[in-house]
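This briefing goes through one protein chain, topic by topic. Please keep the sequence and the 3D view open while reading.

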Amino acid sequence: MKRITLLLAGVLIYSLNITAQDKADTAWKFRSDVSLLASQVSFTNWAAGGENSITLNGFFNIYAGYIKGKHKWENILGLAYGMTKAGERDFRKSEDKIDFLSNYGIKASDKWFYSANFNFRTQFAEGFKYYDDVKPDSSVKISNFLAPAFISLGLGMEYRPFSYMSLYMSPVTARWIIVNDQELADAGAFGVEKKADIFDAQGNPIIVPGERSKFELGAYFRFLFIKDIMKNVNLSTKLELFSDYLDNPQNIDVNWDTMINMKVNEWITASFGLQMLYDDDSPITDKNGNVGPRTQIKEMLAVGINYKIFK
């Protein structure tokens with residue numbers, strides 16, 4: 001995992017060095033922005049009742065793309081972290097994302113590219129499921145840094161009808177699911193092989209710890225759209241579909257992440273985010289105690305400060 005972190009840092013440092021050393025090379029294009037968003041609800045002597053709350057979210061997005069001749073190399077890094085506090089409870093995580101995408105292509109025709117695709121997704125910190133209805137602040141850890149982490153590497157074709165739209169299709173994509181937390185791995189979180197108790201020839205128990213990774217090989221599709229859809233309104237959406245040839249290929253993993261940024265002025269921005277997930281390897285317990293994979297939905301709406309590093 002340290003190698004992966006160093007690789008991501010290396011790509012960014014390399015891209016930034018190119019900017020500093022050769023600004024005249026117009027083959028490189030950069031876009032980046034930092035957003036700090038906040039929302040608050042406060043009550044004082046409010047007869048109808050209510051609970052004070054505050055939410056803070058931070059977003060960092062950077063794009064580094066090289067297009068020259070038949071060659072194209074695009075890198076997108078998205079980072080997000082947020083905390084929310086309601087009533088007398090402590091701050092709890094409300095947003096957490098590390099998402100790095102790198103795509104290298106060689107032009108096959110006017111709008112088609114032979115492409116190699118690399119994607120890395122994880123989160124910064126521990127995540128918990130809270131049971132306040134049972135006991136205040138009672139919780140169970142359900143995720144952590146690199147638990148899970150998703151690494152995919154594939155070969156395919158990219159169709160680029162417009163500069164702001166991309167469709168990538170890969171019939172052969174290798175994906176690794178990493179659960180670098182032994183407690184979660186022992187429980188079989190995110191589809192890895194859970195801890196097992198076996199016995200040797202003499203009948204003595206042997207504890208086999210849970211696996212920390214799972215390999216998948218399948219088909220991958222990605223739709224990417226990033227564009228100013230009207231003045232001062234930018235829409236970015238990424239839809240990813242993955243089918244594992246080795247295990248229930250009919251069950252399609254879905255990750256659809258959408259963000260709308262509305263610029264009020266040079267500094268103030270309003271943002272709306274919506275993410276929908278479906279993963280057959282991530283069972284969820286509903287309020288009735290039923291366990292199984294389900295559609296996961298996350299929404300965010302906030303106003304804050306935005307600063308563009310590259311304009």
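In this predicted model, T237 stands opposite T258, a residue of strand β14. Strand β14 covers residues 252-263 and runs antiparallel to β13, with 11 bridges joining the two. The points below start from these strands and then move to the whole chain, its charged pairs, its rings and its surface.

**Strand pairing around β13**

- Strand β13 (residues 233-244) is also joined to strand β12 (residues 213-230), by 12 bridges, and these two strands run antiparallel.
- Within this pairing, R222 has E240 of β13 as its bridge partner.
- β12 and β13 form a hairpin with two residues between the strands, and N232 there has a positive phi near 65°.

**The chain as a whole**

- The protein chain has two helices and 18 strands.
- Its C-alpha trace spans about 70 × 70 × 35 Å along the principal axes.
- Of the 311 residues in the chain, 37% are buried.

**Salt bridges**

- Side chains of opposite charge can pair when their charged atoms come close.
- There are 17 salt bridges in the structure.
- One of them joins K298 to E95, with 2.7 Å between the closest N and O atoms.
- K298 belongs to strand β18 and E95 to strand β4 (residues 92-107), so this salt bridge ties together parts that are 203 residues apart in sequence.
- K298 has a relative accessible area of 28% and is therefore partly exposed, while E95, at 9% relative accessibility, counts as buried.
- D99 and K238 form another salt bridge, their closest N and O atoms lying 2.8 Å apart.
- Because D99 is in strand β4 and K238 in strand β13, the pair ties together parts that are 139 residues apart in sequence.
- D99 and K238 are both buried.
- A further salt bridge links R160 and E158, at 2.9 Å between the closest N and O atoms.
- R160 and E158 are buried as well.
- R175, K214, E216, D247, D253 and D281 are joined into one network by salt bridges that share partners.

**Aromatic pairs**

- A pair of aromatic rings is described by the distance of the centres and the angle of the planes.
- The structure contains 12 aromatic pairs.
- W112 and Y159 make a tilted pair, with 5.0 Å from centre to centre and 40° between the planes.
- This pair links distant parts of the chain: W112 is in strand β5 (residues 112-122) and Y159 in strand β8 (residues 149-162), 47 residues apart.
- W112 counts as partly exposed because its relative accessibility is 33%, and Y159 is also partly exposed, at 27%.
- W176 and F215 have ring centres 5.5 Å apart and planes at 55°, so this pair is tilted too.
- W176 is in strand β9 (residues 165-178) and F215 in strand β12, so the pair ties together parts that are 39 residues apart in sequence.
- W176 has a relative accessible area of 32% and is partly exposed; F215 is partly exposed at 42% relative accessibility.
- W28, F30, Y66 and W73 are linked into a cluster by ring pairs.

**Charges over rings**

- K72 places its charged end over the ring of F113, at 4.8 Å from the ring centre.
- K227 lies over the face of Y164, 5.1 Å from the centre of that ring.

**Nonpolar surface patch**

- L36, V264, W267, I268, V303, I305, Y307 and I309 make a nonpolar surface patch of about 770 Å².
- Strand β18 (residues 296-310) gives the largest share of this patch, four residues.
- Y307 is located in strand β18.
- Is Y307 buried or partly exposed? At 44% relative accessibility, Y307 counts as partly exposed, because the range for that class runs from 20% to 50%.

Key: Residues numbered from 1 in each chain as written. Predicted model: local features only at pLDDT ≥ 70, side-chain atom pairs only at ≥ 80, totals over all residues. Heavy atoms only, no water. Patch = residues over 30% accessible without salt bridge, like charges linked within 9 Å, V, L, I, M, F, W, Y side chains within 5 Å. Areas by Shrake-Rupley, 256 points an atom, 1.4 Å probe, with all protein chains shown as cover. Salt bridge = Lys/Arg side-chain N within 4 Å of Asp/Glu carboxyl O. Buried < 20%, exposed > 50% of the residue type's maximum accessible area, 1.4 Å probe, protein only. Pairing = 2+ DSSP bridges. Phe/Tyr/Trp six-rings, centres within 6.5 Å; stacked < 30°, edge-to-face > 60°. Lys NZ or Arg CZ within 6 Å of the ring centre and 35° of its normal.
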